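Let's take a friendly look at how charged side chains pair up in a protein. Have the sequence and the 3D view ready as you read.

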Amino acid sequence: MIHSAEMEIISELENQELKKPLCNVSEPRSEVCDMNGDIRIHGNSSSVLFIRKALKRRELYRIRPYARKGDEAAMSSVKQVTVRSSEAAPQCDINHSVPGIIFSVNGYTGNLFHDFTDVLIPLFVTAREFDKEVQFLVTDFNPWWIRKYQLVISQLSKYNVIDMDKDKTVHCFKHVIVGLKCHKELSIDRSKVPKGYSMLDFTRFIRNSYSLNRETPIRIVGDEHGKKPKLLIIARKRTRVFMNLNEIVQMAEEMNYNVVIGEASATSNMTQFAEIVNSCDVLMGVHGAGLTNLVFLPTNAVFIQIVPWGGLKWLAMYDFGNPAKDMKLKYLQYEINPEESSLIEEYPRDHLIFKNPISFHKQGWNSIQDTFMNKQNIKLDLRRFRAVLLEALKQLHQ
């Protein structure tokens with residue numbers, strides 16, 4: 001029996017829910033509809049109905065449930081989901097007792113960086129609070145992508161993913177979220193998460209998903225020369241290649257590092273490569289998607305990002321530097337000089353590309369990508385870079 005005071009509280013909550021817009025489209029990175037009530041989803045019509053009797057205010061939203069709002073190239077391939085209030089209620093084929101979350105795996109997925117920053121981290125932020133009692137409904141369904149990240153998905157939901165593109169049934173829920181909550185590039189703003197999850201929580205979650213047992217790096221005490229920290233060099237094969245990789249390896253080995261070379265491709269076994277990364281104490285590489293593997297490093301490991309020539313310090317910090325700090329990694333950044341860039345072989349030293357690289361930024365992202373990302377390789381100045389490897393060793397002593 002519900003007492004009058006309880007009934008008033010329930011009525012007040014219902015009134016608040018009725019006054020609240022179905023969707024929040026004001027956030028910079030994603031649009032999210034978080035609805036409680038009678039919600040009916042017709043899968044392959046990409047239609048979500050919020051049922052309201054005696055409807056006083058009609059609402060209609062067209063949401064692309066992928067966390068890269070404002071990026072036309074990414075969002076153009078993401079299917080729209082229509083969210084609207086309605087008095088007409090289609091008959092339920094399946095009633096769900098758990099919340100539902102709708103998201104897309106199109107956009108830039110297939111690129112490791114975007115897999116994490118656009119989908120997996122936002123999915124963790126949105127779904128973790130439900131403790132696996134949540135149903136995922138995916139638009140732009142990609143079986144290969146779902147299989148690749150099944151270990152992660154299964155730690156967030158114990159139910160099989162529903163392919164919305166093929167599903168013809170009407171699914172009924174009491175709580176549905178359309179879109180994924182996203183705050184920062186490759187990171188989390190814990191102040192905006194109901195249970196205060198942080199990026200450190202995410203890296204622990206990822207290590208658990210892949211059964212990675214190493215939580216802390218090697219700790220070198222005093223003059224323990226017998227201990228060799230393991231250094232993983234992410235060696236790109238097409239662009240931003242290390243032109244003197246053998247010399248870098250030789251120098252690192254002379255400094256008592258145990259060196260491993262690798263790069264995970266789109267077809268790599270995620271579990272195997274995650275184990276390699278987790279076994280390492282230091283990870284280094286040139287700015288690029290492969291650095292996303294830092295999520296598998298043990299807490300307090302050292303991460304070294306090499307920044308190509310081109311005024312890219314801001315991008316390096318935005319994509320990986322700040323996230324690394326949020327993951328409680330010890331972050332070192334090495335910005336190359338013109339003499340360490342292959343561009344020096346193509347342009348005279350007094351060219352605008354060296355005198356004012358920021359001028360290329362004003363022409364937009366395509367100019368940055370074509371000039372500094374896709375057409376540049378790196379030959380590290382070993383004398384300069386040796387100091388960075390020494391600092392990494394110093395960090396492992398602390």
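This report walks through some salt bridges of this predicted model.

## The overall picture

Side chains of opposite charge can pair when their charged atoms come close. How many salt bridges does the count come to here? The count is 17 salt bridges.

## Two pairs to find

Start with Arg40 and Asp38, whose side chains form a salt bridge with an N to O distance of 2.9 Å. Is each partner buried or exposed? Arg40 counts as buried because its relative accessibility is 15%, under the 20% cut-off. Asp38 has a relative accessible area of 23%, so this residue is partly exposed.

Now look for Arg52 and Glu59. In this salt bridge, the closest N and O atoms are 3.3 Å apart. Both Arg52 and Glu59 are buried.

## A link between two loops

Another salt bridge joins the side chains of Asp165 and Lys79, at 3.0 Å from N to O. Where do these two residues lie? Asp165 is in the loop between β9 (162-163) and β10 (170-178), while Lys79 is in the loop between α2 (72-75) and β5 (81-86), so the pair ties together parts that are 86 residues apart in sequence.

Both ends of this link are partly exposed: Asp165 has a relative accessible area of 26%, and Lys79 has one of 31%.

## A shared network

Salt bridges can also be joined through shared partners, as they are here: Arg29, Arg68, Asp71, Asp118 and Glu185 form one network in this way. Try picking out these five residues in the 3D view.

Conventions: Residues are numbered from 1 along each chain as its sequence is written. This is a predicted model: local features need pLDDT of at least 70, side-chain atom pairs count only at pLDDT 80 or more; totals for chains, interfaces and linings use all residues. Side-chain values use heavy atoms; hydrogens and water are left out. A salt bridge is a side-chain nitrogen of Lys or Arg within 4 Å of a carboxyl oxygen of Asp or Glu. Buried means under 20% relative accessible area, exposed over 50%, partly exposed in between (1.4 Å probe, protein chains only). Helices (H or I, at least four residues) and strands (E, at least two) are DSSP runs, numbered from the N terminus.
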